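Colleague: I have this model open on my screen and would love a close look at one part of it. Could you pick a spot in the interior and walk me outward from there?

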Amino acid sequence: MTRDWLRWHADYDTAGSSLSRRLRVVQDYLERALTEAPADPDGHRRLISLCAGDGRDMLPVLARHDQGRTVRAVLAELDPELTGRARTAAAELDLPGVDVRTGDAGRTETYLDAAPAHVLLACGVFGNITTEDVRRTIAALSSLMVSGGIVIWTRGRGDDNGPDPSAGVAACFTEHGFHELAFTRPPDARFRAGMHRLARTGSGDPPDRLFTFVP
Ligand SMILES: C[S@@+](CC[C@H](N)C(=O)[O-])C[C@H]1O[C@@H](n2cnc3c(N)ncnc32)[C@H](O)[C@@H]1O
């Protein structure tokens, strides 16, 4: 890892920043996903967060949603400082169903026991991996999710005025059997966020590797 991801997280605390606005959208999406995603017959849902950071997009929402009692969530994040923060937050919010793992989210073995997931977060991932890896990851998600499962994802707009890369991400989801539930593209911010539902049966064995972060 070459980027300072701890510093990256600090922008969440800047009022009105693109990242703080993105957080609200992702949390709203997750609230919706927790009511609209399918669940097991006993009402439980499995969640996976890839490259989860400090978990602030997921943990407060789980606490509001029946105190996380019907959720088993695996948060996979490489940076031990960030996983420490996520574990502390989960403990403070009294979320016993949350399992924070310090590990490589590019390798499916890190969270394979939590699949097939009902809800999967891929926030802050697609802008840090190659287009080929974005495609490989999206193509593989049907092997990690239940039919009807919901993916919440983000993609930065970038700093130039060229084509918006988030459009390609959304199109790739459609190509791989997902149906668009929401797509937020504020004209005055660089973040984009989408929510897609797997519209066909989850299938196949997941590959060992989905992606590698570009340094
Ligand atoms: C852009 S941040 C997004 C964090 C979080 N998902 C969010 O949206 O707030 C990218 C995160 O990916 C983590 N990361 C980088 N490579 C990783 C890998 N191979 N496996 C797991 N996490 C990784 C970084 O430490 C960083 O926390």
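Modeller: Happy to, and let's begin at Leu-30. This is a predicted model, and in it Leu-30 is in contact with Leu-47, Asp-57, Met-58, Val-61, Val-119, Leu-121 and Ile-152, leaving aside its neighbours within four places in sequence. Leu-30 also belongs to the largest nonpolar core, a set of 33 residues. Within that core, Leu-30, Leu-47, Leu-62, Val-98 and Ile-152 touch the most other members. Helix H2 supplies the largest share of this core, with 6 residues. Apart from this core lies another one, of 31 residues, and among its members are Ile-48, Val-74, Ala-76 and Met-145. As a general point, nonpolar side chains tend to be buried together in soluble globular proteins.

Now follow the helix itself. H2 covers residues 18–36. It lies across strand E1 (45–50), E2, strand E4 (117–122), strand E5 (145–156), E6 and strand E7 (191–198), and it runs at about 15° to E7.

Those strands lead us to the sheet. It is an open sheet of 7 strands, in the order E3-E2-E1-E4-E5-E7-E6, and its pairing is mixed. Strand E3 (98–102) and strand E6 (178–184) are at the edges with a single partner strand each, so one side of each has no neighbour in the sheet. From one strand to the next, the twist averages 15°.

At the E3 edge, you can look at the pairing in detail. Strand E2 (residues 71–77) runs parallel to E3, and 5 bridges join the two. One residue to find here is Val-74, whose bridge partner in E3 is Asp-99. You have met Val-74 already, as a member of the core of 31 residues.

Stepping back to the whole chain, there are 6 helices and 7 strands. Along the sequence they follow the pattern α-α-β-α-β-α-β-β-α-β-α-β-β. The radius of gyration is 16 Å, close to the 17 Å that the globule rule gives for 215 residues, so the chain is as compact as a globular protein of that length. Its C-alpha trace spans about 50 × 35 × 30 Å along the principal axes.

Of the 215 residues, 52% count as buried. Among contacts between residues at least 6 apart in sequence, 76% join residues at least 24 apart. On the outside, the accessible surface comes to about 9600 Å², and 50% of it belongs to carbon and sulfur atoms.

Technical notes: Residues are numbered from 1 along each chain as its sequence is written. This is a predicted model: local features need pLDDT of at least 70, side-chain atom pairs count only at pLDDT 80 or more; totals for chains, interfaces and linings use all residues. Side-chain values use heavy atoms; hydrogens and water are left out. Two strands pair if DSSP finds at least two bridges between them. Helices (H or I, at least four residues) and strands (E, at least two) are DSSP runs, numbered from the N terminus. Axes are lines fitted to C-alpha atoms, for helices over the stretch in contact, and angles run from 0 to 180 degrees between N-to-C directions. Contact means heavy atoms within 4.5 Å. The radius of gyration is taken over C-alpha atoms; the globule rule is 2.2 Å times the number of residues to the power 0.38. Buried means under 20% relative accessible area, exposed over 50%, partly exposed in between (1.4 Å probe, protein chains only). Accessible areas come from the Shrake-Rupley method with a 1.4 Å probe; for residues, only the protein chains shown count as cover. A nonpolar core is a set of buried Ala, Val, Leu, Ile, Met, Phe, Trp, Tyr and Cys residues joined through side-chain atoms within 4.5 Å.
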